[in-house]
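Hi there,

Here is the structure I promised to send over. Have a look at it first, and then read on for what turned up.

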Amino acid sequence: MAPLRTYNKMAAPLRTYNKMAARDGGRVPPPGALSSGGREAADGRERRRRRFGGGGAPPQLLPPPAQDPPQGEKNGLAKLPADEEVGGVPPGGSKFTGLGKEELLRAAGTPPWAKARGLLLLIFWLGWLGMLGAAAAIVARAPRCQPLPPRAWWQLGGLYRAPPAAFGGDLKGVEAGLEHVAGLQMRGLVLGPLHPKTPPGAPPQDTPLEELDPALGTLEDFEELLKAAKKK
């Protein structure tokens, strides 16, 4: 728009001159018939007339070329680099390198492609059924878990360990405390030591492990404790 505004400013005096020339029969009055100011105005009009090529109309500016509306890119339209020309396409242009959408749809509906799709679908389902059958066969032929071996009574739950002194210091006190141990959901009671005390400095092999400390009670008391513990 800037060149057009410049042209309008330059053409305004010419239009004024053309109007005066048309009014005077297409001529500019002779210099003798004008005053000094009129002669200067006439000289200016004459120079402008010569500048624009006579008394005709000023040159017409050509409108800018119409641009095509943008269109969507087709499938397979590749943009070429700005510095490369391929196959007669100018640098920076676009070159169609594949089939369009409609052509692809028509090609996909042809009998060879339809048969190929059906064959691939059949292979997929056969492979899926084969893997399912193989998994079922593996599960059916897998060895079964072996049953657990039988366990002793002390392996079926927790054990309560305490010396006789925790129950009063003798076997009678231990028997009276069995109710408390049973309330703790224990499967057994580890009681000890029950053997007589050895003198200081005695070797470990001299410890009488098969004897009962007389301070705890008699063997009859020990038998009664075992019977009461089995009942709990």
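Let me start with the aromatic residues: Phe124, Trp125 and Trp128 form one aromatic cluster. Please keep in mind that this is a predicted model.

Both tryptophans of that cluster, Trp125 and Trp128, sit in helix H4 (residues 111-141), three residues apart, or about one turn of the helix. As background, an α-helix has 3.6 residues a turn, so residues three or four places apart point the same way. How exposed are the two side chains? Trp125 is partly exposed, with a relative accessible area of 44%, and Trp128 is also partly exposed, at 40%.

The structure has four aromatic pairs in total. In one of them, the ring centres of Trp125 and Trp128 are 6.0 Å apart and the planes meet at 80°, so this pair is edge-to-face. Another edge-to-face pair is made by Trp153 and Trp154, with centres 5.7 Å apart and planes at 85°. Trp154 is partly exposed, with a relative accessible area of 46%.

Now to helix H7, which is worth a look in your viewer. H7 covers residues 219-231, 13 residues in all. From first C-alpha to last, the helix reaches 19 Å, close to the 18 Å expected at 1.5 Å a residue.

Which residues of H7 are buried? They are Asp221, Leu225 and Ala228. These buried residues cover an arc of only 70° around the axis, which puts them on the same side of H7. On the face turned away from that buried side you will find the exposed residues Leu219, Glu220, Lys227 and Lys230.

What does the buried side of H7 pack against? Its buried residues pack against helix H5 (171-176), helix H6 (178-183) and strand S4 (188-191). Leu225 is a good residue to click on: leaving aside neighbours within four places in sequence, Leu225 is in contact with Leu171, Val174, Glu175, Leu178 and Leu191.

Leu225 and Ala228 also belong to the largest nonpolar core, which has eleven residues. Alongside those two, the core holds Ala162, Phe167, Leu171, Val174, Leu178, Val181, Leu194, Leu212 and Leu216. The elements giving two or more residues to this core are H5, H6 and H7. In soluble globular proteins, nonpolar side chains tend to be buried together.

Happy to go through any of this with you.

Best wishes

Key:
Residues numbered from 1 in each chain as written. Heavy atoms only, no water. Helix = DSSP H or I, 4+ residues; strand = E, 2+ residues; numbered from the N terminus. Expected span 1.5 Å × (residues − 1). Buried < 20%, exposed > 50% of the residue type's maximum accessible area, 1.4 Å probe, protein only. Arc of directions from axis to C-beta. Contact = heavy atoms within 4.5 Å. Core = buried A, V, L, I, M, F, W, Y, C linked by side-chain atoms within 4.5 Å. Phe/Tyr/Trp six-rings, centres within 6.5 Å; stacked < 30°, edge-to-face > 60°.
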